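Me: I have a chain open on the bench screen. Please take me through its fold and packing, one question at a time.

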Amino acid sequence: MVSHRIRIAYDDAIKTIIFFGANVSHSEHDEFFLQRQQQIINAAKVCFSRSGFHGASMADISRESALGAGQIYRYFSSKELIVTETIKSIAHNWRLFLVQHLPAQQSTQDIINADSPFWQHWPSQDRKLLLEMYSEASRNESVRTVLAQQEQLLLAELEVRFAAQTPETNATQRANRIQFLLLLVDGVACRAFGDNDLDHHEMQRVNGILSQHLFG
């Protein structure tokens, strides 16, 4: 691991010399910068899914990314900034997931079943990160702002999808359906992911009522 980290540090140094000592375009430099940032965020996600935003340390992220602390600070000035950018990435991916998969549902069956094909597209690591994100939002205003921005985009995009699927419904009906489905999704994300004691017969009964109401 140490030798691998030294190798990465050496490569970074060489690339920095090339960037500032040769005729390299800003776009190439920016691409390399963004790649390094993404490498750090990906490592941070692994660490945060294991230990939480506040439990994981910079040393953990350094080990996971195979980058030295000095290298990480070239791209992020603090751990708080890494947390913020990681949350932005989670929220962005969550929105894309819902826009892609929620309109395809024809009942609530897969939504309320955490082991369903619907949720298989949202892996275990991301489930833990989602819970961390919602927990952080309860005490951090800047995180709530990030989530609110993504929520506005999500609602607009889902409205377009649902309007195309059910043109016979009006805007109010579609908005109510979308909000109710999102409540179900958030409820499963916050409760069912970690609850192995759910009464599945009762869940089936509730599903029949909900599906009839929303899709019947």
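Reply: What follows is a set of short questions and answers on this predicted model.

Me: How many helices and strands does the chain have?
Reply: From the N terminus on, the elements run α-α-α-α-α-α-α-α-α-α-α. There are 0 strands. The helix count is 11.

Me: What percentage of the residues in the chain is buried?
Reply: Buried means under 20% relative accessible area. The chain has 216 residues. Those that count as buried make up 39%.

Me: What share of the exposed area do carbon and sulfur atoms supply?
Reply: The chain exposes about 12,300 Å². Carbon and sulfur atoms supply 54% of it.

Me: Among contacts between residues at least 6 apart in sequence, what percentage joins residues at least 24 apart?
Reply: Pairs such as Arg95 and Leu147 lie 52 residues apart along the chain, with 9.6 Å between their C-alpha atoms. That is one separation in space; the contact figure covers the chain. Residues at least 24 apart account for 69%.

Me: Which helix gives the most to the largest nonpolar core?
Reply: This core has 47 residues. Phe48, Ile61 and Ile82 have the most contacts inside it. With 9 residues, the helix that gives the most to this core is H5, residues 79-101.

Me: Which residues does Ile82 touch, leaving out those up to four places away in sequence?
Reply: Ile82 is among the core residues with the most contacts. Its partners include Phe48 and Ile61, which are named with it in that group. The list is Ile40, Ala44, Phe48, Met58, Ile61, Ile72 and Phe76.

Me: Is Arg95 buried or exposed?
Reply: Arg95 lies in helix H5. It touches Gln150, Leu153, Leu154 and Glu157, not counting residues up to four places away in sequence. The relative accessibility of Arg95 is 9%, and the cut-off is under 20%, so Arg95 is buried.

Me: Which residues of helix H3 are buried?
Reply: Helix H3 covers residues 58-65. Two of its buried residues, Met58 and Ile61, are also partners of Ile82. The buried set is Met58, Asp60, Ile61, Ser62 and Ser65.

Me: Which residue just after H3 takes a positive phi?
Reply: Most residues other than glycine have a negative phi. Here a residue that is not a glycine has a phi of about 60°. It is found in the loop between H3 and helix H4 (69-75). At 6% relative accessibility it counts as buried, and its name is Ala66.

Me: Are H8 and H9 parallel or oblique to each other?
Reply: Helix H8 spans residues 124-137 and helix H9 spans residues 141-165. Their axes lie 7 Å apart, at an angle of about 120°. Angles of 65 to 115 degrees count as roughly perpendicular and those over 145 as roughly antiparallel, so H8 and H9 are oblique.

Me: How many residues of the contact of H8 with H9 are nonpolar?
Reply: Met133, Tyr134, Glu136 and Ala137 in H8 meet Val143, Arg144 and Leu147 in H9. By class, 2 are charged and none is polar. The nonpolar count is 5.

Me: How are H8 and H10 oriented to each other?
Reply: Their axes are 9 Å apart. Leu130, Leu131 and Tyr134 in H8 meet Asp186, Ala189 and Cys190 in H10. The contact has 5 nonpolar, no polar and 1 charged residues. The angle is about 100°, within 65 to 115 degrees, so H8 and H10 are roughly perpendicular.

Me: Is Leu182 buried or exposed?
Reply: Leu182 lies in helix H10, residues 171-191. It touches Leu98, Leu102, Leu154, Leu155 and Leu158, not counting residues up to four places away in sequence. Leu155 is 27 residues away in sequence and 9.6 Å away in space, C-alpha to C-alpha. At 5% relative accessibility, Leu182 is buried.

Me: Where does Ala148 fall, buried or partly exposed?
Reply: Ala148 is found in helix H9. Its C-alpha is 9.8 Å from that of Ala91, 57 residues apart along the chain. The relative accessible area of Ala148 is 40%, and buried needs under 20%, so Ala148 is partly exposed.

Note on methods:
Residues numbered from 1 in each chain as written. Predicted model: local features only at pLDDT ≥ 70, side-chain atom pairs only at ≥ 80, totals over all residues. Heavy atoms only, no water. Helix = DSSP H or I, 4+ residues; strand = E, 2+ residues; numbered from the N terminus. Buried < 20%, exposed > 50% of the residue type's maximum accessible area, 1.4 Å probe, protein only. Contact = heavy atoms within 4.5 Å. Areas by Shrake-Rupley, 256 points an atom, 1.4 Å probe, with all protein chains shown as cover. Axes fitted to C-alpha atoms, helices over the stretch in contact; angles between N-to-C directions. Parallel < 35°, antiparallel > 145°, perpendicular 65-115°, else oblique. Nonpolar A, V, L, I, M, F, W, Y, C, P; charged D, E, K, R; others polar. Core = buried A, V, L, I, M, F, W, Y, C linked by side-chain atoms within 4.5 Å.
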